[in-house]
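Thanks, everyone; I would like to take a few minutes on how some helices pack in this model. Please have the sequence and the structure open while I talk.

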Amino acid sequence: MQTLAEMAVEVLTTADGREKTALSRRHAAAWFAAREAGETPLVGSAEPPLRPARPEAPQLLDPRDVPKRKPGTEAGRIAMLHAVAHIELNAVDLHWDIIARFTDTPMPAGFYDDWVKSADEESKHFNLVCDCLERRDAHYGALPAHAGMWRAAEDTAEDLLGRLAVVPMVLEARGLDVTPGMIELFRKSDGPDVVEALETIYAEEVHHVSYGAKWFHFLCGRHEKDPKDAFHELVRRYFKGGTKPPFNEEKRAEAGLPPDFYWPLAEERAG
Ligand SMILES: [Fe+2]
Ligand SMILES: [Fe+2]
(Lines give C-alpha, C1' and ligand atoms only; values in the text may rest on other atoms or scores of the structure.)
(Ligands and ions follow the chains in the order given, each with its own letter.)
Protein backbone atom coordinates (compact mmCIF):
# COMPACT_ATOMS: atom_id res chain seq x y z
CA MET A 1 0.00 0.00 0.00
CA GLN A 2 1.17 3.53 -0.78
CA THR A 3 1.93 5.74 2.19
CA LEU A 4 -0.68 8.38 2.97
CA ALA A 5 1.72 11.17 2.00
CA GLU A 6 2.26 9.53 -1.40
CA MET A 7 -1.49 9.29 -1.92
CA ALA A 8 -1.84 12.96 -1.05
CA VAL A 9 0.82 14.01 -3.54
CA GLU A 10 -0.80 11.89 -6.22
CA VAL A 11 -4.09 13.77 -5.74
CA LEU A 12 -2.32 17.15 -5.63
CA THR A 13 -0.51 16.48 -8.91
CA THR A 14 -3.65 15.33 -10.78
CA ALA A 15 -4.99 18.24 -12.83
CA ASP A 16 -8.45 17.24 -14.05
CA GLY A 17 -11.20 17.92 -11.48
CA ARG A 18 -13.21 14.73 -11.93
CA GLU A 19 -10.03 12.62 -12.04
CA LYS A 20 -8.66 14.35 -8.97
CA THR A 21 -11.84 13.74 -6.97
CA ALA A 22 -12.14 10.11 -8.12
CA LEU A 23 -8.57 9.43 -7.01
CA SER A 24 -9.16 11.30 -3.77
CA ARG A 25 -12.20 9.15 -2.98
CA ARG A 26 -10.33 5.92 -3.85
CA HIS A 27 -7.45 6.84 -1.55
CA ALA A 28 -9.82 7.81 1.24
CA ALA A 29 -11.62 4.46 0.90
CA ALA A 30 -8.27 2.60 1.07
CA TRP A 31 -7.24 4.55 4.18
CA PHE A 32 -10.51 3.88 5.99
CA ALA A 33 -10.61 0.21 4.95
CA ALA A 34 -7.21 -0.20 6.59
CA ARG A 35 -8.24 1.78 9.67
CA GLU A 36 -11.37 -0.34 10.08
CA ALA A 37 -9.22 -3.45 9.85
CA GLY A 38 -7.34 -2.10 12.87
CA GLU A 39 -4.29 -0.83 11.01
CA THR A 40 -2.76 2.58 10.74
CA PRO A 41 -1.10 2.73 7.31
CA LEU A 42 2.19 4.58 7.16
CA VAL A 43 1.89 8.32 6.76
CA GLY A 44 5.46 8.52 5.47
CA SER A 45 6.68 11.63 3.76
CA ALA A 46 6.56 12.98 0.22
CA GLU A 47 7.19 16.34 -1.39
CA PRO A 48 3.91 18.14 -2.11
CA PRO A 49 4.02 20.68 -4.96
CA LEU A 50 3.93 24.34 -3.91
CA ARG A 51 0.76 24.64 -5.96
CA PRO A 52 -1.55 21.77 -6.95
CA ALA A 53 -2.01 20.79 -10.59
CA ARG A 54 -4.99 22.51 -12.19
CA PRO A 55 -6.92 21.84 -15.41
CA GLU A 56 -6.39 24.18 -18.38
CA ALA A 57 -9.87 25.60 -17.85
CA PRO A 58 -11.11 27.51 -15.94
CA GLN A 59 -8.91 30.45 -16.69
CA LEU A 60 -7.68 31.83 -13.36
CA LEU A 61 -8.09 35.58 -13.02
CA ASP A 62 -7.25 38.13 -10.39
CA PRO A 63 -10.37 38.38 -8.18
CA ARG A 64 -10.90 41.98 -9.37
CA ASP A 65 -11.13 40.79 -12.98
CA VAL A 66 -13.69 38.02 -12.41
CA PRO A 67 -16.93 39.38 -13.92
CA LYS A 68 -19.69 39.97 -11.39
CA ARG A 69 -23.11 38.60 -12.31
CA LYS A 70 -26.45 39.25 -10.69
CA PRO A 71 -27.75 36.34 -8.57
CA GLY A 72 -31.29 37.13 -9.75
CA THR A 73 -30.55 35.69 -13.20
CA GLU A 74 -29.94 32.14 -14.40
CA ALA A 75 -26.49 33.19 -15.62
CA GLY A 76 -25.78 34.67 -12.21
CA ARG A 77 -26.78 31.48 -10.44
CA ILE A 78 -24.61 29.40 -12.77
CA ALA A 79 -21.69 31.73 -12.04
CA MET A 80 -22.32 31.25 -8.33
CA LEU A 81 -22.34 27.44 -8.71
CA HIS A 82 -19.17 27.65 -10.75
CA ALA A 83 -17.51 29.62 -7.98
CA VAL A 84 -18.61 26.99 -5.45
CA ALA A 85 -17.18 24.20 -7.62
CA HIS A 86 -13.88 26.09 -7.71
CA ILE A 87 -13.87 26.44 -3.92
CA GLU A 88 -14.62 22.73 -3.47
CA LEU A 89 -11.82 21.69 -5.82
CA ASN A 90 -9.40 23.88 -3.90
CA ALA A 91 -10.69 22.40 -0.68
CA VAL A 92 -9.89 18.87 -1.90
CA ASP A 93 -6.30 19.98 -2.45
CA LEU A 94 -6.14 21.93 0.82
CA HIS A 95 -7.02 18.85 2.86
CA TRP A 96 -4.53 16.59 1.07
CA ASP A 97 -1.94 19.35 1.31
CA ILE A 98 -2.21 19.61 5.10
CA ILE A 99 -1.64 15.83 5.23
CA ALA A 100 1.49 15.87 3.05
CA ARG A 101 2.94 19.26 4.01
CA PHE A 102 3.46 18.80 7.73
CA THR A 103 4.61 15.19 8.12
CA ASP A 104 7.62 16.41 10.14
CA THR A 105 5.22 17.26 12.96
CA PRO A 106 4.20 14.03 14.68
CA MET A 107 0.42 13.91 15.00
CA PRO A 108 -2.02 11.25 16.27
CA ALA A 109 -3.69 9.02 13.66
CA GLY A 110 -6.98 10.86 14.29
CA PHE A 111 -5.50 13.97 12.69
CA TYR A 112 -5.11 12.05 9.44
CA ASP A 113 -8.54 10.40 9.77
CA ASP A 114 -10.13 13.84 10.01
CA TRP A 115 -8.42 15.32 6.96
CA VAL A 116 -8.81 12.22 4.80
CA LYS A 117 -12.53 12.27 5.63
CA SER A 118 -12.69 15.99 4.84
CA ALA A 119 -10.89 15.49 1.51
CA ASP A 120 -13.32 12.71 0.64
CA GLU A 121 -16.28 14.96 1.44
CA GLU A 122 -14.89 17.88 -0.58
CA SER A 123 -14.48 15.49 -3.50
CA LYS A 124 -18.13 14.54 -3.19
CA HIS A 125 -19.06 18.26 -2.95
CA PHE A 126 -17.15 19.09 -6.14
CA ASN A 127 -18.89 16.26 -8.00
CA LEU A 128 -22.34 17.27 -6.68
CA VAL A 129 -21.87 20.87 -7.78
CA CYS A 130 -20.46 19.80 -11.17
CA ASP A 131 -23.53 17.61 -11.67
CA CYS A 132 -25.74 20.67 -11.00
CA LEU A 133 -23.71 22.72 -13.51
CA GLU A 134 -23.93 19.98 -16.13
CA ARG A 135 -27.71 19.74 -15.71
CA ARG A 136 -27.75 23.45 -16.66
CA ASP A 137 -25.65 22.99 -19.80
CA ALA A 138 -22.59 24.41 -18.07
CA HIS A 139 -19.52 22.73 -16.60
CA TYR A 140 -16.55 23.44 -14.37
CA GLY A 141 -14.14 25.33 -16.62
CA ALA A 142 -16.81 27.14 -18.64
CA LEU A 143 -16.27 30.40 -16.73
CA PRO A 144 -13.20 32.12 -15.29
CA ALA A 145 -12.37 31.58 -11.61
CA HIS A 146 -10.43 33.28 -8.83
CA ALA A 147 -6.66 32.90 -9.00
CA GLY A 148 -6.07 33.79 -5.35
CA MET A 149 -7.54 30.68 -3.83
CA TRP A 150 -4.23 28.98 -3.01
CA ARG A 151 -2.71 32.05 -1.40
CA ALA A 152 -3.62 31.04 2.16
CA ALA A 153 -1.94 27.67 1.62
CA GLU A 154 1.28 29.19 0.31
CA ASP A 155 1.41 31.75 3.09
CA THR A 156 1.13 29.03 5.73
CA ALA A 157 3.22 26.36 3.99
CA GLU A 158 5.64 26.30 6.92
CA ASP A 159 3.29 26.89 9.80
CA LEU A 160 0.82 24.15 10.71
CA LEU A 161 -0.83 26.21 13.43
CA GLY A 162 -1.19 29.10 10.99
CA ARG A 163 -2.65 26.76 8.36
CA LEU A 164 -5.27 25.48 10.82
CA ALA A 165 -6.16 29.03 11.88
CA VAL A 166 -6.55 30.38 8.36
CA VAL A 167 -7.97 27.49 6.35
CA PRO A 168 -10.55 25.59 8.42
CA MET A 169 -11.10 28.21 11.15
CA VAL A 170 -11.38 31.31 8.92
CA LEU A 171 -12.07 30.29 5.32
CA GLU A 172 -14.20 27.21 5.90
CA ALA A 173 -16.00 28.93 8.79
CA ARG A 174 -16.86 31.72 6.34
CA GLY A 175 -18.60 29.04 4.25
CA LEU A 176 -20.90 28.37 7.21
CA ASP A 177 -21.84 32.08 7.25
CA VAL A 178 -22.76 32.34 3.57
CA THR A 179 -24.25 28.93 2.69
CA PRO A 180 -27.74 29.42 4.25
CA GLY A 181 -28.29 32.51 2.05
CA MET A 182 -27.33 30.53 -1.05
CA ILE A 183 -29.66 27.70 -0.09
CA GLU A 184 -32.50 30.24 0.19
CA LEU A 185 -31.64 31.74 -3.18
CA PHE A 186 -31.85 28.37 -4.94
CA ARG A 187 -34.95 27.38 -2.99
CA LYS A 188 -36.70 30.44 -4.43
CA SER A 189 -35.51 29.79 -7.97
CA ASP A 190 -35.30 26.61 -9.97
CA GLY A 191 -32.88 24.67 -7.91
CA PRO A 192 -34.10 21.69 -5.84
CA ASP A 193 -31.00 19.72 -6.91
CA VAL A 194 -28.79 22.62 -5.87
CA VAL A 195 -30.62 22.97 -2.54
CA GLU A 196 -29.95 19.29 -1.86
CA ALA A 197 -26.27 19.59 -2.79
CA LEU A 198 -25.79 22.72 -0.69
CA GLU A 199 -27.52 21.15 2.30
CA THR A 200 -25.08 18.23 2.15
CA ILE A 201 -22.19 20.66 1.89
CA TYR A 202 -23.49 22.79 4.77
CA ALA A 203 -23.91 19.79 7.10
CA GLU A 204 -20.44 18.40 6.35
CA GLU A 205 -18.54 21.69 6.43
CA VAL A 206 -19.36 22.08 10.13
CA HIS A 207 -17.14 19.07 10.76
CA HIS A 208 -14.22 20.49 8.78
CA VAL A 209 -14.29 23.64 10.90
CA SER A 210 -14.53 21.52 14.05
CA TYR A 211 -11.51 19.41 13.01
CA GLY A 212 -9.60 22.65 12.53
CA ALA A 213 -10.58 23.90 15.98
CA LYS A 214 -9.82 20.51 17.56
CA TRP A 215 -6.28 20.22 16.19
CA PHE A 216 -5.58 23.90 16.71
CA HIS A 217 -6.36 23.47 20.40
CA PHE A 218 -4.37 20.24 20.52
CA LEU A 219 -1.23 21.93 19.16
CA CYS A 220 -1.68 24.98 21.38
CA GLY A 221 -1.84 22.59 24.33
CA ARG A 222 1.32 20.84 23.18
CA HIS A 223 3.18 24.16 23.06
CA GLU A 224 1.44 25.69 26.11
CA LYS A 225 -0.01 28.56 24.11
CA ASP A 226 -3.25 30.35 24.84
CA PRO A 227 -5.47 29.29 21.89
CA LYS A 228 -7.41 32.54 21.60
CA ASP A 229 -4.31 34.76 21.63
CA ALA A 230 -2.51 32.43 19.22
CA PHE A 231 -5.49 32.46 16.85
CA HIS A 232 -5.65 36.27 16.81
CA GLU A 233 -1.94 36.58 16.22
CA LEU A 234 -1.90 34.03 13.38
CA VAL A 235 -4.94 35.41 11.57
CA ARG A 236 -3.44 38.91 11.76
CA ARG A 237 -0.18 37.58 10.36
CA TYR A 238 -1.49 35.39 7.56
CA PHE A 239 -4.91 36.66 6.66
CA LYS A 240 -4.96 40.37 6.03
CA GLY A 241 -8.66 40.36 5.09
CA GLY A 242 -9.59 39.52 8.68
CA THR A 243 -12.99 38.14 9.58
CA LYS A 244 -16.21 39.89 8.76
CA PRO A 245 -19.78 39.67 10.02
CA PRO A 246 -22.52 38.57 9.76
CA PHE A 247 -21.36 35.39 11.49
CA ASN A 248 -23.31 32.16 11.78
CA GLU A 249 -22.77 32.04 15.53
CA GLU A 250 -24.80 28.89 16.02
CA LYS A 251 -22.92 26.75 13.49
CA ARG A 252 -19.59 28.26 14.53
CA ALA A 253 -20.37 27.27 18.11
CA GLU A 254 -21.27 23.77 16.97
CA ALA A 255 -17.85 23.62 15.32
CA GLY A 256 -16.08 24.71 18.51
CA LEU A 257 -15.38 28.28 17.42
CA PRO A 258 -16.36 30.68 20.22
CA PRO A 259 -17.30 34.34 19.54
CA ASP A 260 -14.21 35.72 21.31
CA PHE A 261 -12.09 34.06 18.61
CA TYR A 262 -13.58 35.88 15.63
CA TRP A 263 -15.38 39.00 16.90
CA PRO A 264 -12.26 40.90 18.06
CA LEU A 265 -10.70 40.40 14.59
CA ALA A 266 -13.84 41.71 12.91
CA GLU A 267 -13.85 44.76 15.18
CA GLU A 268 -10.21 45.52 14.41
CA ARG A 269 -11.05 45.34 10.74
CA ALA A 270 -14.06 47.62 11.11
CA GLY A 271 -12.23 49.99 13.46
FE1 LIG B 1 -16.86 21.43 0.76
FE1 LIG C 1 -14.64 21.86 3.85
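Let me begin with a crossing, that of α4 and α7, which is left-handed, and let me say straight away that we are looking at a predicted model. Helix α4 covers residues 109-135 and helix α7 covers residues 192-222, and the two pack with their axes 10 Å apart at an angle of about 160°. Since angles over 145 degrees count as roughly antiparallel, that angle makes α4 roughly antiparallel to α7.

Which residues in α4 and α7 meet? On the α4 side they are Phe111, Asp114, Trp115, Ser118, Glu121, His125, Leu128, Val129, Cys132 and Arg135, and on the α7 side Asp193, Val194, Ala197, Thr200, Ile201, Glu204, His208, Tyr211 and Trp215. By character, the residues of this contact divide into 10 nonpolar, four polar and five charged.

Val129 also turns up in the largest nonpolar core, which has 65 residues, where it is among those that touch the most other members, together with Ala8, Ala85, Ile99, Ala165 and Met169. If we leave out residues up to four places away in sequence, Ile99 touches Leu4, Ala5, Ala8, Tyr112 and Trp115.

That brings us to helix α1, residues 4-12, which is mostly covered, with seven of its nine residues buried. The buried ones are Leu4, Ala5, Met7, Ala8, Val9, Val11 and Leu12, and what covers them includes α2 (17-36), α3 (74-101) and α4. As general background, nonpolar side chains tend to be buried together in soluble globular proteins.

Terms used
Residues numbered from 1 in each chain as written. Chains lettered and ligands numbered in written order. Predicted model: local features only at pLDDT ≥ 70, side-chain atom pairs only at ≥ 80, totals over all residues. Axes fitted to C-alpha atoms, helices over the stretch in contact; angles between N-to-C directions. Helix = DSSP H or I, 4+ residues; strand = E, 2+ residues; numbered from the N terminus. Parallel < 35°, antiparallel > 145°, perpendicular 65-115°, else oblique. Left-handed = near helix turned anticlockwise from the far one by under 90°. Contact = placed C-beta atoms within 7 Å. Nonpolar A, V, L, I, M, F, W, Y, C, P; charged D, E, K, R; others polar. Core = buried A, V, L, I, M, F, W, Y, C linked by C-beta atoms within 7 Å. Buried ≥ 20, exposed ≤ 12 C-beta atoms within 10 Å, placed from the backbone.
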